[in-house]
Amino acid sequence: MKLYFDPISVNCRKVVAGFGLMGVNYETAHVDYFKAEQKATEYMKINPNGAIPALVDGDMKLWESNAILQYAADKNEAFAYYPRDLKLRADINRWLLWEAAHWFPSCYIYLVENVVKPLLKAEPDRAVTDRKHRTGIDWRTSSTSASPNSAGSAETRSRWPTSPLRHRCICIPTRSSRSTRIRILNAG
Ligand SMILES: N[C@@H](CCC(=O)N[C@@H](CS)C(=O)NCC(=O)O)C(=O)O
């Protein structure tokens with residue numbers, strides 16, 4: 001199977017790290033993020049969202065980094081990392097879905113506006129970064145059982161090192177004068 005990726009992308013690196021951990025055999029094709037190759041017509045036939053990563057395995061085209069990791073884990077029977085136990089799996093799936101629905105989208109806008117656009121000599125859009133983005137949980141005050149770093153059993157945490165459960169930092173948009181910045185906190 002072939003992974004379409006660019007190592008500059010956090011979602012691609014997550015997949016590469018997970019594949020390495022699980023001993024997955026795969027080929028790679030480089031899709032240059034800074035040349036916007038993820039928007040090229042040929043690549044859009046693989047992932048119509050115009051985003052990386054994507055995986056092609058025979059006649060299957062799979063996108064969404066977490067779906068790719070889940071598929072590879074099941075295909076390789078890497079159950080030490082993606083347990084079949086229903087409750088452990090539900091716990092992992094819960095955080096993978098949360099990451100895709102809330103965590104990444106709320107962080108990505110700051111990355112694009114504050115890092116990607118300046119690198120491309122484009123003007124950041126402050127209207128975007130000044131909007132309030134919420135993950136729904138205040139990690140600074142929530143009990144440790146609700147934090148992504150400590151959620152689930154110790155077993156779950158140790159078995160799924162590529163999941164959001166292992167994120168060691170959290171990003172909080174804060175205002176300092178007119179600018180919005182990302183504060184990285186050590187979450188444990
Ligand atoms: N939820 C998707 C997010 C994929 C995504 O947005 N990838 C970024 C790179 S980290 C991308 O390709 N963005 C293209 C764009 O914004 O035009 C996943 O986990 O695969």
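**Group meeting: a mixed sheet and a core between two domains**

I'll start with one pair of residues: V56 has K61 in β4 as its bridge partner. That pair belongs to β3 and β4, which run antiparallel to each other over four bridges. Before going further, a caution: this is a predicted model, and everything I say about it is computed from that model.

Staying with the hairpin for a moment. Another bridge links A54 to W63 in β4. Two residues sit between the strands of this hairpin, and G58 there has a positive phi near 60°. W63 also comes up in a second context: its C-alpha atom is 9.1 Å from that of P48, although 15 residues separate the two along the chain. P48 itself is in the loop between α2 and β3. It has 12 or fewer neighbours, which is the cut-off for exposed; the count for P48 is 11 C-beta neighbours inside 10 Å, so P48 is classed as exposed.

Now the sheet as a whole. Which strands form it, and in what order? Four strands make an open sheet, in the order β2-β1-β3-β4, with mixed pairing. The edges are β2 and β4; each has a single partner strand, so one side of each has no neighbour in the sheet. On average, neighbouring strands are turned by 20° against each other, ignoring direction.

On the other side of the order we have β1 and β2, a parallel pair with four bridges. Within that pair, K2 is opposite E27 of β2. The connection from β1 to β2 goes through α1, and this β-α-β crossover is right-handed.

For context, the full chain has six helices and six strands. In sequence order the pattern is β-α-β-α-β-β-α-α-α-α-β-β. The chain has 188 residues, and 22% of them are buried. As for contacts between residues at least 6 apart in sequence, 55% join residues at least 24 apart.

Next, the core. As a general point, nonpolar side chains in soluble globular proteins tend to be buried together. In this model the largest nonpolar core has 20 residues, and those touching the most other members are Y4, F5, V15, I52 and A72. At least two core residues come from each of β1 (2-5), α1 (10-22), β3 (54-57), α3 (65-75) and α4 (86-119). Where does this core lie relative to domain 1 and domain 2? Domain 1 (2-75) and domain 2 (87-186) both contribute residues, so the core lies between them.

I52 deserves a slide of its own. Beyond its neighbours within four places in sequence, I52 contacts Y4, F5, D6, S9, N11, C12, V31, Y33 and Q38. Two of those, Y4 and F5, are also on the list of core residues that touch the most other members. The peptide bond from I52 to P53 is cis, with omega near 10°. P53 is placed in the loop between α2 (41-44) and β3.

N11, one of the contacts of I52, also lets me bring in helix α4, where F104 is found. The C-alpha atoms of F104 and N11 are 9.0 Å apart, with their positions 93 residues apart along the chain. Is F104 buried, partly exposed or exposed? There are 17 other C-beta atoms within 10 Å of F104, so F104 is partly exposed.

Last, two backbone points to check by eye. A36 is not a glycine, yet its phi is positive, about 60°. A36 is in the loop between β2 (27-30) and α2. With 12 C-beta neighbours inside 10 Å, A36 is counted as exposed. The second case is E64, also not a glycine, with a positive phi of about 85°. E64 is in the loop between β4 (60-63) and α3. Here the count is 18 C-beta neighbours inside 10 Å, so E64 is partly exposed.

To close, I would keep two items in view: the open sheet in the order β2-β1-β3-β4, and the core that lies between domain 1 and domain 2.

Methods:
Residues numbered from 1 in each chain as written. Predicted model: local features only at pLDDT ≥ 70, side-chain atom pairs only at ≥ 80, totals over all residues. Contact = placed C-beta atoms within 7 Å. Core = buried A, V, L, I, M, F, W, Y, C linked by C-beta atoms within 7 Å. Domains from an automatic or database assignment. Pairing = 2+ DSSP bridges. Axes fitted to C-alpha atoms, helices over the stretch in contact; angles between N-to-C directions. Right-handed = clockwise from strand over helix to strand, strands pointing away.
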